[in-house]
Amino acid sequence: MKTLKRISVLFIAAVIMLTAFAVPSSASSKQNYLLLGDSIAYGQGLANSQDACYGKIVADTNGYNYKNYAVSGSTSGALLSYIDQDFVTKGIKEANIISISIGGNDFLTQNLPLLLAGAKLGIDAQFNYIKGKFAENFAAIIAKIKKINPSVSIFVQTVYNPNDSFISDAYQKGVDVINGVIKNYLSENKGAFRIVDVEKAFAGHHEYIAGDTIHPNAKGNLVIAHGVMHCGHEGNSLVERCHGE
């Protein structure tokens with residue numbers, strides 16, 4: 001009888017210990033991390049774009065499930081349409097965190113000659129046109145993502161100036177237009193997303209630019225990854241230190 005009683009006590013103690021040390025399934029499940037946008041998010045400029053880009057670095061560092069749906073050459077208008085594709089919509093719906101790199105191609109693709117001429121001549125019409133279109137598309141992108149997944153955390157990167165030649169000032173004017181729209185949207189829509197200030201991190205550091213003179217190299221991708229990982233959860237993940245908090 002004493003033996004039976006002792007076994008019962010030990011069994012109850014074991015159950016209590018297992019219950020105390022059990023990890024809730026929600027705490028043990030991996031976060032889903034999704035990249036959207038242009039060639040910077042895709043990893044252009046790297047020898048191994050899919051394994052060495054900043055998104056993969058962030059995912060590997062934090063043990064996230066990782067998907068990269070970025071498309072080289074994408075403009076804000078292209079991204080807005082791209083979100084409607086079933087597999088992209090599904091990826092957004094399942095994501096806990098989304099990083100977005102967009103805007104550079106809005107003033108580079110097809111517009112660069114006019115922008116360079118306009119900047120040199122002090123003509124702002126083309127800049128104002130691009131600003132208006134980007135603002136419209138960007139607002140629609142954020143709204144569409146939030147409609148698909150209201151609880152997702154969004155991280156938007158600022159555009160940087162990759163050029164250090166005689167046309168650097170013209171590039172900077174385009175950068176200022178895009179970043180101005182991003183920051184203005186956030187000032188009017190508090191908490192909509194967090195800004196990862198890549199422009200500030202890259203300023204004066206052309207050693208972060210790849211041989212193609214546009215995209216981040218391996219070192220530049222590490223810098224962007226560090227920026228993303230200082231914008232959310234505690235520990236090695238994202239801390240609450242980004243713009244927009």
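Which residues of helix 10 are buried? Keep that in mind; the tour comes to it after the sheet. One note before starting: this is a predicted model.

**Stop 1: the sheet**

Select the strands. You have an open sheet of five strands, in the order 2-1-3-4-5, with parallel pairing. The edges are strand 2 (65–68) and strand 5 (194–196), and each of them pairs on one side only. Look along the sheet: from one strand to the next, the twist averages 20 degrees. As a general point, strands of a sheet pair through backbone hydrogen bonds, either parallel or antiparallel.

**Stop 2: strand 1 and its neighbours**

Select residues 32–37, which are strand 1. Strand 1 runs parallel to strand 2, and four bridges join the two. To see a matching position, pick Asn-32; opposite this residue, in strand 2, stands Asn-65. Now turn to strand 3. Strand 1 pairs with strand 3 over five bridges, again in the parallel sense. Pick Leu-35 and find its bridge partner in strand 3, Ser-99.

**Stop 3: strand 3**

Select residues 97–101. How many of the five residues of strand 3 are buried? Five of its five are, and the strand is mostly covered. Both faces are covered. Ile-97, Ser-99 and Ser-101 lie on one side, with Ile-98 and Ile-100 on the other.

Stay with Ser-99 and look towards strand 4 (residues 153–157). Strand 3 and strand 4 pair in the parallel sense, over four bridges. Opposite Ser-99 in strand 4 stands Phe-155.

**Stop 4: helix 5 over the strands**

Add residues 54–62, helix 5. Helix 5 lies across strand 1, strand 2, strand 3 and strand 4. Against strand 1, helix 5 runs at about 170 degrees.

**Stop 5: Asn-105**

Select Asn-105, in helix 8 (residues 104–108). Is Asn-105 buried or exposed? Its relative accessibility is 13%, under the 20% cut-off, so Asn-105 counts as buried. Show its contacts. Leaving aside residues up to four places away in sequence, Asn-105 touches Asp-38, Gly-73, Ser-74 and Thr-75.

**Stop 6: helix 10**

Select residues 125–148. Helix 10 has 24 residues. From first C-alpha to last, helix 10 reaches 35 Å, close to the 34 Å expected at 1.5 Å a residue.

Now for the opening question. The buried residues of helix 10 are Phe-127, Ile-130, Phe-134, Asn-137, Phe-138, Ile-141, Ile-142, Ile-145 and Ile-148. Colour them and look at the spacing. An α-helix has 3.6 residues a turn, so residues three or four places apart point the same way.

**Stop 7: helix 10 against helix 11**

Add residues 168–188, helix 11. The two helices pack at an angle of about 35 degrees, with their axes 10 Å apart. Helix 10 passes helix 11 in a right-handed crossing. Now show the side chains where they meet. From helix 10 come Phe-127, Lys-131, Phe-134, Ala-135, Phe-138, Ala-139 and Ile-142. They meet Ala-170, Lys-173, Gly-174, Val-177, Ile-178, Val-181, Ile-182 and Tyr-185 of helix 11. By class, this contact has twelve nonpolar, one polar and two charged residues.

**Last stop: Thr-213**

Select Thr-213, in the loop between helix 12 (198–202) and helix 13 (218–228). Check its backbone. Thr-213 has a positive phi of about 70 degrees, although it is not a glycine. Its relative accessibility is 52%, over the 50% cut-off, so Thr-213 counts as exposed.

Conventions
Residues numbered from 1 in each chain as written. Predicted model: local features only at pLDDT ≥ 70, side-chain atom pairs only at ≥ 80, totals over all residues. Heavy atoms only, no water. Expected span 1.5 Å × (residues − 1). Buried < 20%, exposed > 50% of the residue type's maximum accessible area, 1.4 Å probe, protein only. Contact = heavy atoms within 4.5 Å. Pairing = 2+ DSSP bridges. Axes fitted to C-alpha atoms, helices over the stretch in contact; angles between N-to-C directions. Left-handed = near helix turned anticlockwise from the far one by under 90°. Nonpolar A, V, L, I, M, F, W, Y, C, P; charged D, E, K, R; others polar.
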